[in-house]
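Hi everyone, thanks for coming. I'd like to walk you through one model today, starting at its ligand site and working outwards. Have a look at it with me.

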Amino acid sequence: MSEVKSYIDNNQQRFLDELMDFLRIPSVSADGKFKNEVLRGAGFLEDALKKVGVDLVEICPTAGHPIVYAEKIVSADVPTILVYGHYDVQPADPYELWESPPFEPMIKNNRIYARGSCDDKGQLYMHIKALEILNQQGAPPCNLKFILEGEEEVGSANLEKYVRENAARLRSDVILISDTAIIANDTPSITVGLRGLSYVEVEVIGPNRDLHSGVYGGAVANPLNILCKMISSLIDDQGRITIPGFYLDVQDLTSDERAKMAETPFDLDNYKEEIGIAEVQGEEGFTTIERTGIRPSLDVNGIWGGYTGEGAKTVLPSKAHAKISMRLVPYQDDEAITKLFTEHFHSIAPKSVTVNVTPHHGGKPALTPTDSTAFRAASNAFEQAWDKTPIPTRDGGSIPIVALFTEVLAVNTVLMGFGLDSDAIHSPNESYGIFNYLKGIETIVLFHHHFAALSK
Ligand code: BES
Ligand code: MN
Ligand code: MN
C-alpha cells in the first residue's frame, strides 16, 4: 500500500471525527439567526488550519460573513495552488424530512449524513487533511493558499470585493475547487463546465385588496391566475424559453463535441428511479445530459399568494409572487438575461395587473480548459488513485466565483469534486460517502505532486 493510503487508513477515524465536529456547527448563511454559527464555522477552520501547520491564517471580516484566508509557503521556486471552498451551508428545512437531525452527523451505510457533509464542508475539509499528509511526507511540493468563504450559498456578494482588493495576495498558478460531483464511484470525472444563474422575484398586483371570490370572481383579474399563465408562456411546447433574445449568446456545440458528450456513461432508468419520476422532459432535440450541461433552463423555485392556510377561504388575492431561476450556459451573461427577462415579463402582463421584477444574485457560466497543466495533473491524480481515466463533464449547478477568478486572477481553475448527484445536496438527508471523502483526500495529495512535477 502507498504511504499516502496507509496514512489515511491509520487516521481514518480521526479524519471522520474531525469532519463530524465541523458538521455540528450549523453555519447556515441565508438565515440571520445563524450569524454566530457561521462565525464559529470560520473559527473552526482557523484552528484546523493552524493544526496542520499553515504559516498564516486570518479571519477576514466582510460586510457579510467572514472569509478565511490561509497560506503555507514552501519556496518561491515551486508552483502555488489556491484552494477555494465554502464553509456555509444551505438551510436544513424542512427539518421533519430528515431521518437524523441535520446538525447531528450520523454514519449509516458508510455515509456521513448531515447538512453540508458534501456541499461543501466535507469536500473543503479534504484539502486541510491533504495538507496534513503533505506535511507528514516532508515539505509539500507546492505552496498552498486557502480562500474559504461563508457566503457561497447566498451568492458570494462580498467575495468579489475581497478578490479584487487582494489579487496580489491570491497570486497562484492554479485554483483548485472541490465543490462538484463525479459521475459514479466507478466512473470518476472532472467538471469542465458550470452553468451560470439569473435569479429574479416577480410580483403581480391586481385589485387594491383581497376580494370575495364569489362577489368579484370572473370579472376581476386574479393575480395568481395571471401569474401562472405568464409563467407557463415562458416555455413553449418544444421546451424552449420564449424570452426574445434569450438564446442569442448560447453557443451550439459541434456534432463532434456532442458525440463525445454522448459517450459519457449515463443510465436514464437509474436517473428516473433515483428521483422517483416516470419520465424526463425538456428541450426537444437534446439528451438529459445535454439539457443540464449545455442548455439553459428556467424554473419556478417558489410561488405564493392568496390563502394557503388550513381549510378553504374564498378569496381572490390582491397579489401573487414567484421566485424564478434561469440557469445559463456559455456565453450568456447573467445581467443581460435578467434585463431581457424583466422587459419580457412586463411586456406580457395584461393591463388588468401591474408587475414588478426584482433581481436577486446571479453568476456567470464557466468553462475550464482541458489542455492545461492543471487539468493534466488532476487527470493523472485520478488515474493513480482510481485506476481510471476521469471523463470531462459539464455540470448543471453554478459556482459564480469561478468566472470571477478567471477574470481577476487570470488563472486556470480545476474543478476536482468528489460528490455524487445522489448525495442530495440542498435536500433533506444530505450525505457524503466515506469512500469519497477518503479517496478524495488521497487524490488531492496526488494532485499536488503531479502539479509540481508537470510544472517543472
Ligand atoms: N456546490 C454547488 C454547485 C454545484 C453543485 C455545482 C453540483 C456542480 C454540481 C454550490 O454550492 C451551489 O449550490 N451553488 C448555487 C449557486 C448560488 C449562486 C447560490 C446553485 O447552483 O444553486
Ligand atoms: Mn457548494
Ligand atoms: Mn450549494
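Let me begin with the shell around ligand 1: its residues divide into 4 nonpolar, 6 polar and 6 charged. Please keep in mind that this is a predicted model, so to speak of it as anything else would be unfair to you.

Who sits in that shell? There are 16 residues around ligand 1, and the closest are Glu152, Asp179, Arg327, Ser398 and His426. Where does the ligand sit relative to the domains? Domain 1, made of 2–194 + 365–454, and domain 2, made of 196–250 + 296–363, both contribute residues to the shell, so ligand 1 lies between them.

Now the polar contacts, which I know some of you will want for your setups. Arg327 has a side-chain N or O atom 2.8 Å from an oxygen atom of ligand 1. Asp179 puts a polar side-chain atom 2.8 Å from a nitrogen atom of the ligand. For Asp119, an N or O atom of the side chain is 3.1 Å from an oxygen atom of ligand 1. As for burial, ligand 1 on its own has 530 Å² of accessible area, and the protein covers 89% of that.

Two of those names, Asp119 and Asp179, come back when we turn to the metals. Let's take the manganese ion that is ligand 2. Its protein donors are His86 through NE2, Asp119 through OD, and Asp179 through OD, with Asp179 listed twice, and they lie 2.0 to 2.4 Å from the ion. What is the geometry like? The 6 donor atoms make angles of 56 to 165 degrees, and the site is irregular. In sequence, the donor residues follow the spacing H-x32-D-x59-D. That links distant parts of the chain: His86 is in strand S3, residues 80–86, while Asp179 is in the loop between strand S7 (174–177) and strand S8 (189–194), 93 residues apart.

On to the other manganese ion, ligand 3. Here the coordination comes from Asp119 (OD), Glu153 (OE), Glu153 (OE) and His426 (NE2), at 2.1 to 2.6 Å. Why is this arrangement called irregular? The 6 donor atoms around the manganese ion subtend angles of 55 to 155 degrees, and that makes it so. The sequence spacing of the donor residues of ligand 3 reads D-x33-E-x272-H. Asp119 lies in the loop between strand S5 (111–113) and helix H3 (121–136), and His426 in the loop between strand S17 (413–415) and strand S18 (431–433), so this pair ties together parts that are 307 residues apart in sequence.

And which residue bridges the manganese ions, ligand 2 and ligand 3? That would be Asp119, and the two ions lie 3.6 Å apart.

Before I stop, a few backbone details to check. The peptide bond from Asp119 to Asp120 is cis, with omega near -5 degrees, and Asp120 has its place in the loop between S5 and H3. Another cis peptide bond joins Pro330 and Tyr331, with omega about 5 degrees; Tyr331 is in the loop between strand S13 (319–328) and helix H9 (334–347). Finally, Ser156 is not a glycine, yet its phi is positive, at about 50 degrees. You'll find Ser156 in the loop between strand S6 (143–149) and helix H4 (159–165).

Terms used: Residues numbered from 1 in each chain as written. Chains lettered and ligands numbered in written order. Predicted model: local features only at pLDDT ≥ 70, side-chain atom pairs only at ≥ 80, totals over all residues. Heavy atoms only, no water. Near = heavy atom within 4 Å. Polar contact = N/O pair within 3.5 Å; in protein donor to acceptor, adjacent residues only side chain to side chain. Areas by Shrake-Rupley, 256 points an atom, 1.4 Å probe, with all protein chains shown as cover. Nonpolar A, V, L, I, M, F, W, Y, C, P; charged D, E, K, R; others polar. Domains from an automatic or database assignment. Donors = N, O, S within 2.8 Å, 3.2 Å for Na, K, Ca; no water. Tetrahedral: all angles 85-135°; square planar, octahedral: opposite > 155°, others 65-115°. Helix = DSSP H or I, 4+ residues; strand = E, 2+ residues; numbered from the N terminus.
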